[in-house]
Amino acid sequence: MSQSADIHPPDVKRAPAPWTLAGDATIVMLELPERLIREQAFIPEALRPRFEGRFSLLMALDYTSSNVGPYRELLFIPGRFRTRRGLSWSISKIYVSSWDSVVNGQLNWGIPKEHADFELAREADGSERLRASQGGDVFADLRFAIAGPSLPATSALVPARLRRLVHHRDGHDYFCAPTARGAVRHARLVDARVDPARMPRVDKGRVVFAVRLSGFRAEFPVADVELPGSL
C-alpha cells in the first residue's frame with residue numbers, strides 16, 4: 001500500500017483542535033550518543049538551550065481515522081526540554097502523508113510537520129517495512145517485528161506532566177498533553193536505514209524498548225500557547 005500527494009500543497013481547510021485519532025503505532029525508545037542528538041537531531045534553535053536528554057523516541061504511525069482523514073506519520077523526539085511548566089517532550093522531525101495534517105499540525109500545536117510519501121508492506125518473514133520518501137527518494141527505510149501477547153494499555157495511568165509536549169513556533173511555546181488507549185505488544189526494530197540530511201541517525205543508538213500499540217484511540221487537546229519567558 002502506498003500514499004502519495006502533490007509536490008505543492010493544495011488549499012487546506014482548517015481543522016482546529018481538539019482531534020480524535022485512531023490507528024496503530026510502533027514506538028521505539030532509544031539511547032543515542034549525546035553529541036549526535038545535540039548536533040544532528042534537528043532541534044530548533046529556540047529549544048537548543050533547553051535540551052535535557054536523555055532518551056529519544058522514534059514513532060511510526062498509521063492513522064486509520066482523524067479529523068483530517070487517514071494518514072501515515074514518522075516522527076522523532078530527541079528527548080525532553082526545560083520549560084516553565086517543567087520538562088516536556090518535543091518532536092524535532094516529523095513527516096506525514098497528508099497536507100491537511102501538515103498545515104493543521106503546525107497551526108494547532110506548532111508541530112514542525114513536513115510532507116512525505118509512505119509505503120507500508122508486510123515482508124516474507126512477517127516483519128513490517130515502512131519506507132518514507134520525497135520526490136521518489138527514500139530517506140527512511142525501517143523494519144519492525146511484532147510478537148507476543150496483547151495487553152490493554154492506557155495513558156490514564158501516566159501523569160499529564162510525563163505526557164506533555166512542547167513545540168516552538170512564531171516565538172511562542174505550544175503545550176499539550178495527548179491521551180491514548182489501545183492494546184500493546186512487544187516489538188523490535190529489526191533494521192533502520194536513514195538519510196541523515198532528513199532524519200536523525202536512529203541506527204546509531206541502543207534500543208531501550210519497543211512496543212506496538214494496536215487499535216489505539218488518541219485525543220490531542222487544544223494547545224496552551226504562551227511566550228517562553230525566562231526559565
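D170 sits in the loop between strand 13 (165-169) and strand 14 (172-176) of this predicted model. D170 is not a glycine, yet its phi is positive, at about 50 degrees. With a relative accessible area of 63%, D170 is exposed, because the cut-off for that class is over 50%.

F42 is another residue other than glycine with a positive phi, here near 65 degrees. The loop that holds F42 runs between helix 1 (34-40) and strand 3. F42 has a relative accessibility of 27% and so counts as partly exposed.

**Cis peptide bonds**

The bond joining A17 and P18 is cis, with omega at about 10 degrees. P18 belongs to the loop between strand 1 (2-3) and strand 2. A cis bond also leads from G53 to R54, where omega is near 5 degrees. R54 is placed in the loop between strand 3 and strand 4.

**Strands 10, 11 and 12**

Strand 11 has pairing partners in strand 10 and strand 12. Strand 10 (residues 117-122) pairs with strand 11 in the antiparallel sense over six bridges, and L120 stands opposite L130 of strand 11. Five residues lie between the strands in this hairpin, where G126 has a positive phi near 90 degrees.

The pairing of strand 11 with strand 12 is antiparallel too, over seven bridges. Here E128 is placed opposite F144 in strand 12. The hairpin of strand 11 and strand 12 has two residues between the strands, and G135 adopts a positive phi near 60 degrees.

S133 is part of strand 11, which covers residues 128-134. S133 is buried because its relative accessibility is 14% and the limit for that class is under 20%. Beyond four places in sequence, S133 touches A116, D117, V138 and F139. In a regular strand, side chains alternate between the two faces of the sheet.

**The largest pocket**

The space in the largest pocket amounts to about 980 Å³. Its lining consists of 36 residues, and I27, M59, S155, R163 and A180 lie nearest the centre. Elements giving two or more residues to this lining include strand 2 (19-31), strand 4 (56-65), strand 5 (71-77), strand 12 (137-154), helix 3 (160-163), strand 15 (179-194) and strand 16 (206-220). The most comes from strand 16, which gives six residues. Sorted by class, the lining holds 29 nonpolar, three polar and four charged residues.

**Aromatic pairs**

Six aromatic pairs are found in a search of the whole structure. The geometry of two of the pairs is given in the table.

| Pair | Distance between ring centres | Angle between planes | Class |
|---|---|---|---|
| F51 and F81 | 5.2 Å | 55 degrees | tilted |
| Y63 and Y71 | 4.7 Å | 45 degrees | tilted |

The pair of F51 and F81 links distant parts of the chain, with F51 in strand 3 (residues 51-53), F81 in strand 6 (residues 80-81) and their positions 30 residues apart in sequence. F51 and F81 are both buried. Which class do the plane angles of the two pairs give? For F51 and F81, planes at 55 degrees make the pair tilted, because edge-to-face requires over 60 degrees and stacked requires under 30. The pair of Y63 and Y71, with planes at 45 degrees, is therefore tilted as well.

Y63 is buried at a relative accessible area of 7%. Y71 is buried too, with a value of 1%. One aromatic cluster is formed by W19, W109 and F220.

**I111 and its contacts**

F220 also appears among the contacts of I111. I111 is located in the loop between helix 2 (99-109) and strand 9 (113-115). Is I111 buried or exposed? Its relative accessibility is 4%, so I111 counts as buried. Apart from neighbours within four places in sequence, I111 is in contact with I91, I94, G105, Q106, H167 and F220. From C-alpha to C-alpha, I111 and V166 are 8.6 Å apart in space, and they are 55 residues apart in sequence.

Key:
Residues are numbered from 1 along each chain as its sequence is written. This is a predicted model: local features need pLDDT of at least 70, side-chain atom pairs count only at pLDDT 80 or more; totals for chains, interfaces and linings use all residues. Side-chain values use heavy atoms; hydrogens and water are left out. Helices (H or I, at least four residues) and strands (E, at least two) are DSSP runs, numbered from the N terminus. Buried means under 20% relative accessible area, exposed over 50%, partly exposed in between (1.4 Å probe, protein chains only). Contact means heavy atoms within 4.5 Å. On a 1 Å grid over the protein atoms alone, a cavity is a set of points where a 1.4 Å probe fits but cannot get out, and a pocket is an open set with protein on both sides within 12 Å along at least five of seven lines; lining residues have an atom within 4 Å of a point. Grid points are joined across faces, edges and corners, and a volume is the space filled by probe spheres set on the points. Ala, Val, Leu, Ile, Met, Phe, Trp, Tyr, Cys and Pro count as nonpolar, Asp, Glu, Lys and Arg as charged, and the others, Gly among them, as polar. Two strands pair if DSSP finds at least two bridges between them. Rings of Phe, Tyr and Trp (its six-membered ring) pair if their centres lie within 6.5 Å; planes under 30 degrees apart count as stacked, over 60 as edge-to-face and the rest as tilted.
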